[in-house]
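Visitor: Could you walk me through this structure and explain how each label is earned?
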Amino acid sequence: PSILEPIFVDHPLWPMLKEHLEKGVRWPLEPIGEDERKADIEEVIEYGNHKSAEKSSEEIHKACVKEIERGWQLPLPIGKVTEIPGAVVAPMGYPTQYTIDEEGNRILKGRTTHDQSANIGHRGTGVKRSVNDRVISKHLTPLQYGHTASRHMHRLVAMRSKYPGVKLCQAKLDYKSAYRRMHLHGETAVQCTTTMKGISPDRSEPRALLSLRQTFGGS
């Protein structure tokens, strides 16, 4: 923060970013009752992970090991999760989407996600206690760059109208593992726990994984 502050001190979001860098990102969440929270943990541990994750267990296991080695996930004995104050567990999934390879061929690619909208044990009952259901949206940072695709298309049309015979070029940039660049505050980290049930290749006792960085699946 001391390096960045001279540059960003006058930015309206700097105080929040500075706190995130120093103390970790804290999600604004409605509280959950202790009895409900512990019951939900047992339900999710019994359930395990989504079928998409279990079918791609080899890919997910490799991804989890890599994140543990990088210090992004903290492995814990699964039987001790209920003893962690405030802990909340959610299953992992492995949705696929199309991307392109280096030669421009269209290929399927999977991504490990943390399904923090899941209400395991309450499906069809209307009960919603997941982390994402408890996010207090009015306390989130307002979105400043919405409708990007529409704005981009309008700009392309305007540029083509103004420069009909000129080749238009554009660049695409990507922040590698962008969500993993911000660490979580302890109060939020314990509510971003998952398990490796059905994924561990040696079928030993699966570990619980406590996310120390932002998750792919949290609101």
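Guide: Let us begin with a term: on a 1 Å grid over the protein atoms alone, a cavity is a set of points where a 1.4 Å probe fits but cannot get out, and its lining residues have an atom within 4 Å of a point. A volume is the space filled by probe spheres set on the points. By that rule the structure holds 1 cavity of 30 Å³ or more. This is a predicted model, in which local features need pLDDT of at least 70 and side-chain atom pairs count only at pLDDT 80 or more, while totals for chains, interfaces and linings use all residues. Residues are numbered from 1 along each chain as its sequence is written, and side-chain values use heavy atoms, with hydrogens and water left out.

Visitor: What volume does the largest cavity have, and which residues are the closest to its centre?
Guide: The largest cavity has a volume of about 160 Å³. It is lined by 17 residues, of which Asp40, Val88, Val89, Ala118 and Ser130 are the closest to its centre.

Visitor: What makes Glu5 and Lys18 a salt bridge?
Guide: A salt bridge is a side-chain nitrogen of Lys or Arg within 4 Å of a carboxyl oxygen of Asp or Glu. In the pair Glu5 and Lys18 the closest N and O atoms are 3.4 Å apart, and the pair therefore counts as a salt bridge. The pair links distant parts of the chain, with Glu5 in helix H1 and Lys18 in helix H2, 13 residues apart (helices being DSSP runs of H or I, at least four residues, numbered from the N terminus).

Visitor: How do you know that Glu187 and Arg26 form a salt bridge?
Guide: Their closest N and O atoms are 3.8 Å apart, so the pair meets the rule. Glu187 lies in helix H7 and Arg26 in the loop between H2 and H3, 161 residues apart.

Visitor: Why is Arg37 called buried or exposed?
Guide: Buried means under 20% relative accessible area, exposed over 50%, and partly exposed in between (1.4 Å probe, protein chains only). Arg37 has a relative accessible area of 3%, and is therefore buried, whereas Glu34, with 43%, is partly exposed. The side chains of Glu34 and Arg37 meet in a salt bridge, at 2.9 Å from N to O, and both residues lie in helix H3, 3 residues apart, about one turn of the helix.

Visitor: How many salt bridges are there by this rule?
Guide: The count comes to 7 salt bridges.

Methods:
On a 1 Å grid over the protein atoms alone, a cavity is a set of points where a 1.4 Å probe fits but cannot get out, and a pocket is an open set with protein on both sides within 12 Å along at least five of seven lines; lining residues have an atom within 4 Å of a point. Helices (H or I, at least four residues) and strands (E, at least two) are DSSP runs, numbered from the N terminus.
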